[in-house]
Amino acid sequence: MRHSLKRSSLLLFLIGALLLTGCWDQKDIDTRGYVLGLAIDSYPPDPQSSESTGPNQASPQEEEKLEKMQLHTGEPGYAMTIQLPILANADMPEGPGIQSAEGSQSWEITQIGNSFFSINREMASRTGLSLYYEHLQVLILSEEVARKGLINILDMFMREPEMRRGIKVLICPGEAKSILDVVPRIDKYSSVYLSGIFDNSSRNSRMVYHTNMGDVICALHDGHDFVLAKVISTKDENKASGGAVFHNGRMAGWATEMEVEAINLIRNTYEGGVITVDTPKGEEGRVAMEITNEKAEITPIVNGDQVSFRIDIKVEGDYSEDINLHTHEKLSEPFLKSLEAEYEKEIQDLCTETIESMQEKFKADVFQFDRILQAGEPAYWERMGSDWNSIYPDVGVTVHADVHIILTGI
Amino acid sequence: MKEERLMPPQVMTLTACGILGIDILIVQRDMVGVAGQDAWISLILGGMTAMILGSVCYYLAHLYPEMDLPQILLHIFGDFFGRIILLPFIVYDVLYLGMSLRIFAQALKMFLLSATPMLPIVVLILLAAGYAVCKGVFAIGGIMDIIFPLCAVTILGILLMPMNQIHLSNLKPILYKNTGNVVKGILTGYQQFTGYGTIAYFYCYTQKTKGTFKWYLAGLGIPIFLYIALTLITIMVFGPTDIGYLTYPTLTLAKSIEIPGTFLERAESFAAILWINIVFVSVALLLFRTKRNFLELLHMKTKHQNYVIWGIALLLIGIALFIRSGTEAISFFSKIKKSSRIFGLLIFPFITAMGYIKKRRETRA
Amino acid sequence: MVKLLKRRLEKKDRKKDKKFGIKGDTDHLKPFRLSEIVEDNITRLKNSMNNTFDIKSREFQIGGTKYQAAILYIADLVNEEMIMSHLLKPLILQSTAVIDSDTEVNFQSVKDSMLSIGSVQEAETFDEIVLAVMSGDTFLCIQGYAKGLIVNTRELNGKPFAVPTVEPSVKGPQEAFVETLKINLGLIRKRIRDPNLMLEEYKIGRRSKSESVLVYIKGIADPDIVEDLRKRLSSVDLDMGQSAFQIGTLVTDRPDSIFPQVQITERPDKLVVSLSEGRVAVLTDGSPNAILVPVTLPILMQSPDDYCESWLVSSLIRISRYVGLFLSSLFPAIYIAITSYNPGMLPTRLVLSIASTRTGVPFSAFIEALLMEAVLELLQEASIRLPKAVGQTVSIVGGLVIGQSAVQAGIVSPIMVIVISVTAVTSFAIPDYSLGLASRILRVPFMILATTLGSFGIAIGMLLLLTYLSSLKNFGIRYLSPITPYRFQDWKDTVIRAPFKDLKKRPEFLNPEDTERSHSRKKEKEIS
């Protein structure tokens, strides 16, 4: 018994010694800087785009001094801005009325450099907090940066274990920092507010929802083209509108909201939205349908070296609103049938136009036909896959829509 | 007092825990590296191979129900040749164990404790495992009984949560001009499950009933199923190319899970506990095996076992911290596995065959 | 169809038969009858009740005659004064008065005119007699008659007992042991009228010579455990054997473990249920507690209330108790690990709100928790010491002054107050007080591990604890049984409590000799 007591006390001493030298990673919750949003602009700023930012860009020279850092190699190429919550002010009442410098909820710090990791560490010389990226909500890239190519920007985000795959990657025309500078009306922090917008996927189909870091990285590794969400802002509001089309890892151009809707329809990422058509009666009436269920199937048709695609889109929806429609047969079967036909036509036109525009304007395979070929027609892909970029713009695509109205609302 | 015995269900948990190991963090990368998107087929075939080898192993233990593997070896091949055959087992176990610890510490540093040095991590996990081994086989059985269901449930959770992120097309094309690689992958595949040999070390402590073999098969089947499912889901979520870029695909998979609105929004907390537990059980079982091997090799008495355990632990700390670079450690780990592949495939059938012949001679004499 | 119905009915009938066919514990005594010889009767009866030390008999001659007679009773159950004044006194001293008046002294006259007691019954077979004696009646037999008298000498008002204070229950009986051994044995006897209830007496303490009694049910308790305990009890070397706990630590293998190695209970109902599961108890004179062995962690998590509610309700309550045990030792550690190592696991808004309430607190989370924990322990200790009249003060000072003011003064964050309060509450959800103490002791080591190594530290701590728990053994039974080693049969009454109809078997892990609780058919035993 005494023997074991001696031994266990020795053991306790050893463990204690080991532990007391410890606390290597311990960091109290209030001593971390929670980076909520991150914006990357190119440096020096493009004179054209900085005009659009408006009143809050006037940066005095002293600030510039802080923002520049010494570099080991090369010239500064990027300006990175992070948004940190000011914890001491978190209890203050919020709203647009209280926006004095002392009362603001968040702090946007900009640092200029050419490697993101060194920029990240350089910021430690300015904050006194250790920056923590696990709660990063949005990564905003300016158009200029996106056009230079994504892969060299996202490398740090792939490597750093603190980064999550669910971070929203957004593209903004003009200065990216201005998006973080927004003082939202309904939230304390613009980044949290902004990422919340993308939770509305079942209500609105004109945004790009699959805009996560993880998806982007996968697509980049596999060499697929993709679309990311586009955001625009005013002083106190953000809007997700349309998308940015990427080809070969570089941004190729903007897609409109309607084009995004079509891309969502084709890529099976449509989670709910509204489509409106004129009434088949030819009057001035309009009918809106809320789409509740959507399924698209893409079938490659290979004919020797020729390939074409057939897209079948099955849509189910509810009759939600009509405007200016004066008829008594709203619920009659022939009327609904003709309405369905009208929707089918609308969807087919929308999709066909979008595909054509993607093929011609951007040559970007955002529908990821290449992926379907790779999986479904490996033999063809082996032969022709290397030439896909030149084949794609001329590939024939036919769209068939099949619409069913399920509920009529009344 | 009645003699204490391991219950048949404990055969299942011990076997399953022997198979689960640090490989669970990297199995997908290993397999995809060989067989691409068809890795899961290789893994299924490899799993079947492991089941067969496991049954052979069980038969060997069954032939000598009151002896464990080192004793059986000494019995079949005599004192000298038996020790020579025992040596590769020891070398493999020690190296594998050391490198598992290393990879574990590395993963832990990467995801949880970036500034903590590796030494305390390795020392603490060895301390816990060594303590368990000191307490004997029944205490180990008790620990496994509790940890195994926890691990299985967490792995299932990690499997089911990312269901909304899967793309079936990542699996296609199935077996397109890839059959050769798939067959090659069987060797890599079966090696993920080398823990089946553990049965030969604790069969002598079990209560022998008719159902024991069934529990043993269940113990093999459950981890094999989990590994296959994990590989399938990971391929479907990330695609084979992306997996190649991930050092620890399982951890990345766990990190991609988010459960909004709950208290712990991110599931990797559970994953962290899972992988610490898994490493603990595999280290404890391997340490137990190595202890037994050493005791027989050096012909030592059981009462000196504590010196052996802590001696091995010191050796393992050295091995784990010997290599400085992380990538080198991982490649060394797969080198160990690669070089022992053929040996592992043949050794148990060989021993069993010899044991069978010897047994027949004995009964005749 | 008709056939099916018929078969169904037949089945039902068979079931009914089975139901009525259950044999009571004394039924095997039915074939035995009294003889005409008094000594013979008494020895045979004593044997059939296993000769426990509290069975008293007195042989005497009915005053003034040559009639040999004897009485037999159980000392713990009867009102001895009543026996003396209404049974012995009239028979020995006042019988002359009866003899004087020409009546012959015979069985009938004893029954009719000599016993001044309300209920007197004739009995011939052993089963009635044993049952009656076990219930507190006195048996009287007279030489020459192959029948005897059962005289009601039961303690009518019940003996004084205490109300359970350490282990209160909502719906269970409100009876607790007292300091007198005899009353305690009576409380047990009252609940088990089984002749197989064994009581063995030991004198413990070189100076105090206090009586300790080993209690178990023969035919259920594992004989190995009983034998082991006998050996340990007779080798106890002690100056003063007084508290049950003291004896408890002396009979276990690991007396220095913080986890209770014997169960200490003040509830006779709990003790009786445990006996019927095959466990063994030791009662000591002068101590209001009994110790129960063997003990395992799941047993300590059971409460008598579990058996007073619907099985779904009790199962849920039991699960919440396990959650309580977990949180009580780990919650502060988990809080520290998550906030100071992995705030990424929490939802963003929660992190920001915790962080903002902590701004201005000068201490690290660990020091903060340690402070609050120390205050909590002191408060708990103080509230035991304080007289009831000023007990209110502690709650006011503790709750209001320390909780609220400390937050306002910026010494601790409000979240930490919540964490520590939850911890305090959960530790009281554990039914066994000693286990609750163990969980409190574990809190600080886990906090240290959490603050040095985060969740890895907690995991290592848990693994060490698990190893320790599964290596613990008392009386040959693993401390975590029946959770591990797996005994699926016993899981029905471990973390959950299955409906009674599924609990027909006694817990397997205690190695009971007789495994069935009901529907058992006992072998007829020979009585020598």
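Q: What is the bridge partner of A:S42 in β3(A)?
A: In this predicted model, A:S42 has A:Y78 of β3(A) as its bridge partner.

Q: What makes strand β2 (residues 37–42) of chain A and β3(A) count as a pair?
A: Two strands are called paired if at least two bridges are found between them, and β2(A) and β3(A) are joined in the antiparallel sense over six bridges. Six bridges satisfy that requirement of at least two, and therefore the two strands are a pair.

Q: How do you know that β3(A) also pairs with strand β4 (residues 106–113) of chain A?
A: The same test applies here: at least two bridges are needed, and β3(A) and β4(A) are linked over eight bridges, again in the antiparallel sense. One of the positions along this pairing is A:P85, which stands opposite A:S106 in β4(A).

Q: Why is strand β3 (residues 78–85) of chain A called mostly covered?
A: A residue is called buried if 20 or more other C-beta atoms lie within 10 Å of its own, and eight of the eight residues of β3(A) are buried. The strand is therefore described as mostly covered, since eight of eight of its residues meet the cut-off.

Q: Which residues point one way from β3(A), and which the other way?
A: A:Y78, A:M80, A:I82 and A:L84 point one way, while A:A79, A:T81, A:Q83 and A:P85 point the other way, and all of them are buried. In a regular strand, side chains alternate between the two faces of the sheet.

Q: Why is A:G409 called exposed?
A: The word exposed is used for a residue with 12 or fewer other C-beta atoms within 10 Å of its own. A:G409 has 12 such atoms, and so it is exposed. A:G409 lies in the segment after β14 (396–407) of chain A, and, leaving out residues up to four places away in sequence, it touches A:D318, A:Y319 and A:S320. The C-alpha atoms of A:G409 and A:E382 are separated by 51 Å, although these two residues are 27 residues apart along the chain.

Q: What are the two domains of chain A, and where do they meet?
A: The domain assignment of chain A gives domain 1 (29–50 + 62–255) and domain 2 (261–407), and the centres of these domains, taken over C-alpha atoms, are 33 Å apart. Their contact takes 18 residues from domain 1 and 18 residues from domain 2. On the side of domain 1 of chain A that touches domain 2 of chain A, the elements that give two or more residues are β8 (226–233), β9 (238–247) and β10 (250–255) of chain A. The residues of that side divide into seven nonpolar, eight polar and three charged.

Q: Which residues have the most contacts inside the largest nonpolar core?
A: They are A:I140, A:V227, A:L228, B:I125 and B:A284, in a core of 311 residues, to which α4(B) gives the most, with 18 residues. A second, separate core of 37 residues includes C:L29, C:I142, C:L149 and C:V151. In soluble globular proteins, nonpolar side chains tend to be buried together.

Q: What is A:L228 in contact with, leaving aside its neighbours within four places in sequence?
A: The partners of A:L228 are A:V169, A:L170, A:I171, A:V208, A:T211, A:V216, A:G243, A:A244 and A:F246.

Q: What does the contact between chain B and chain A take from each chain?
A: The contact takes 20 residues from chain B and 18 residues from chain A. The largest share of the side of chain B that touches chain A is the five residues from α9(B), and by class that side has ten nonpolar, six polar and four charged residues.

Q: Which helix gives the most to the side of chain C that touches chain B?
A: The contact takes 26 residues from chain C and 29 residues from chain B, and helix α17 (residues 433–471) of chain C gives the most to the chain C side, with twelve residues. That side divides into 15 nonpolar, nine polar and two charged residues.

Q: Why are β6 (197–204) and β8 (263–265) of chain C called edge strands?
A: The open sheet of five strands has the order β6-β7-β9-β10-β8 (chain C), with antiparallel pairing, and β6(C) and β8(C) each pair on one side only. The twist averages 25° from one strand to the next. Within the sheet, β7 (residues 210–217) and β9 (residues 280–284) of chain C pair over four bridges, and C:L214 has C:V282 as its bridge partner in β9(C).

Terms used: Residues numbered from 1 in each chain as written. Chains lettered and ligands numbered in written order. Predicted model: local features only at pLDDT ≥ 70, side-chain atom pairs only at ≥ 80, totals over all residues. Contact = placed C-beta atoms within 7 Å. Nonpolar A, V, L, I, M, F, W, Y, C, P; charged D, E, K, R; others polar. Axes fitted to C-alpha atoms, helices over the stretch in contact; angles between N-to-C directions. Core = buried A, V, L, I, M, F, W, Y, C linked by C-beta atoms within 7 Å. Domains from an automatic or database assignment.
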